[in-house]
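Q: Please take a close look at the helix packing in this model. How do the paired helices cross, and which residues make the contacts? Finish with the pocket.

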Amino acid sequence: MSKPLIISDCDEVLLYMIAPFREWLDESEGVEFKLKGNNFGEAMRWKDSGERVEEKEIWRLLRGFFDTEMHRQTPITGAVDAMATLSDHADVVVLTNLADQHREMRFEQLAGHGIDARVFTNQGPKGPALKAIIEEYAPSRTFFIDDLAQHHRSAREHLDAITTLHFCGEPSIAPLVDCAHTSGHAEARIDSWDEALPWLLDQLQKEPAA
């Protein structure tokens with residue numbers, strides 16, 4: 001009999017990202033990161049001039065962070081224990097929007113924090129990648145956890161039967177991100193593992209819809 005499958009994002013779900021990224025930009029790159037809305041592209045400005053960092057430079061800085069600074073990331077409070085508990089009830093994998101060259105680095109990073117899970121890399125909307133993972137595992141039920149509303153929307157566009165949890169564990173940006181639950185693309189919006197783990201365990205106990 002097939003097991004349930006939990007597909008989790010990494011940054012701001014399992015590991016803090018914005019906080020260490022902001023610190024690195026300030027310390028080493030001469031960039032101030034200040035998110036005032038949910039527009040990531042407007043958040044970064046050169047400290048010397050105050051001018052907005054152009055899109056191509058944003059991508060360069062993000063690549064640079066993941067190339068050399070992933071050691072700065074630490075687990076979201078409660079994430080390690082939550083993943084260990086959930087792995088007793090389901091297969092748990094990670095779907096992260098990083099370049100394929102970072103897949104092994106991400107796996108080793110998570111393993112170093114005590115999260116031993118298979119890692120899938122992706123670029124762009126996650127719906128097609130979710131569909132491919134589900135086709136491989138053929139689970140009894142599938143749960144998807146992510147911090148960005150657009151990935152929940154993409155999941156709904158590509159999959160009929162999936163339970164999604166919108167989770168953003170970084171307090172400084174959680175109030176600013178669009179809510180997938182409000183838009184109808186997620187069953188729940190929970191931003192702490194103290195509350196998310198019991199919710200997921202309860203969902204796992206429910207019978208799959210016919």
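A: An axis here is a line fitted to C-alpha atoms, for helices over the stretch in contact, and an angle runs from 0 to 180 degrees between N-to-C directions. The model is predicted. Two packed helices are described by the angle between their axes and the distance between the axes.

Start with helix H5 (residues 127-137) and helix H6 (residues 149-158). Their axes come within 8 Å and cross at roughly 55°. That angle makes H5 oblique to H6. The crossing of H5 past H6 is right-handed. On the H5 side, the contact uses Gly 127, Pro 128, Leu 130 and Lys 131. H6 answers with Ser 154, Ala 155 and His 158. By class, this contact of H5 with H6 holds three nonpolar, three polar and one charged residues.

Next, helix H3 (residues 79-86) and helix H7 (residues 193-205). Here the axes come within 10 Å and cross at roughly 10°. Angles under 35 degrees count as roughly parallel. H3 and H7 are therefore roughly parallel to each other. From H3, the contact takes Ala 79, Ala 82, Met 83, Thr 85 and Leu 86. They meet Trp 193, Leu 197, Leu 200, Leu 201 and Leu 204 in H7. The class split for H3 with H7 is nine nonpolar, one polar and no charged.

Now helix H1 (residues 18-29) and H2. They pack at an angle of about 105°, and their axes are 11 Å apart. The range of 65 to 115 degrees counts as roughly perpendicular. H1 and H2 are therefore roughly perpendicular to each other. H1 supplies Pro 20, Phe 21, Trp 24, Leu 25 and Glu 29 to the contact. H2 supplies Arg 60, Leu 61, Leu 62, Gly 64 and Phe 65. Seven nonpolar, one polar and two charged residues make up the contact of H1 with H2.

That leaves the pocket. The largest pocket has a volume of about 1200 Å³. It is lined by 35 residues, and the closest to its centre are Phe 40, Trp 59, Leu 62, Asn 97 and Leu 148. Two elements, helix H2 (55-68) and H6, give two or more residues to the lining. H2 gives the most, with six residues. By class, the lining of the largest pocket has 14 nonpolar, ten polar and eleven charged residues. Leu 62 thus links two parts of this account: it belongs to the contact of H1 with H2, and it is among the lining residues closest to the pocket centre.

Note on methods. Residues numbered from 1 in each chain as written. Predicted model: local features only at pLDDT ≥ 70, side-chain atom pairs only at ≥ 80, totals over all residues. Heavy atoms only, no water. Helix = DSSP H or I, 4+ residues; strand = E, 2+ residues; numbered from the N terminus. Parallel < 35°, antiparallel > 145°, perpendicular 65-115°, else oblique. Left-handed = near helix turned anticlockwise from the far one by under 90°. Contact = heavy atoms within 4.5 Å. Nonpolar A, V, L, I, M, F, W, Y, C, P; charged D, E, K, R; others polar. 1 Å grid on protein atoms, 1.4 Å probe; cavity = no way out; pocket = protein on both sides within 12 Å on 5 of 7 lines; lining within 4 Å. Points joined across faces, edges and corners; volume = space filled by probe spheres on them.
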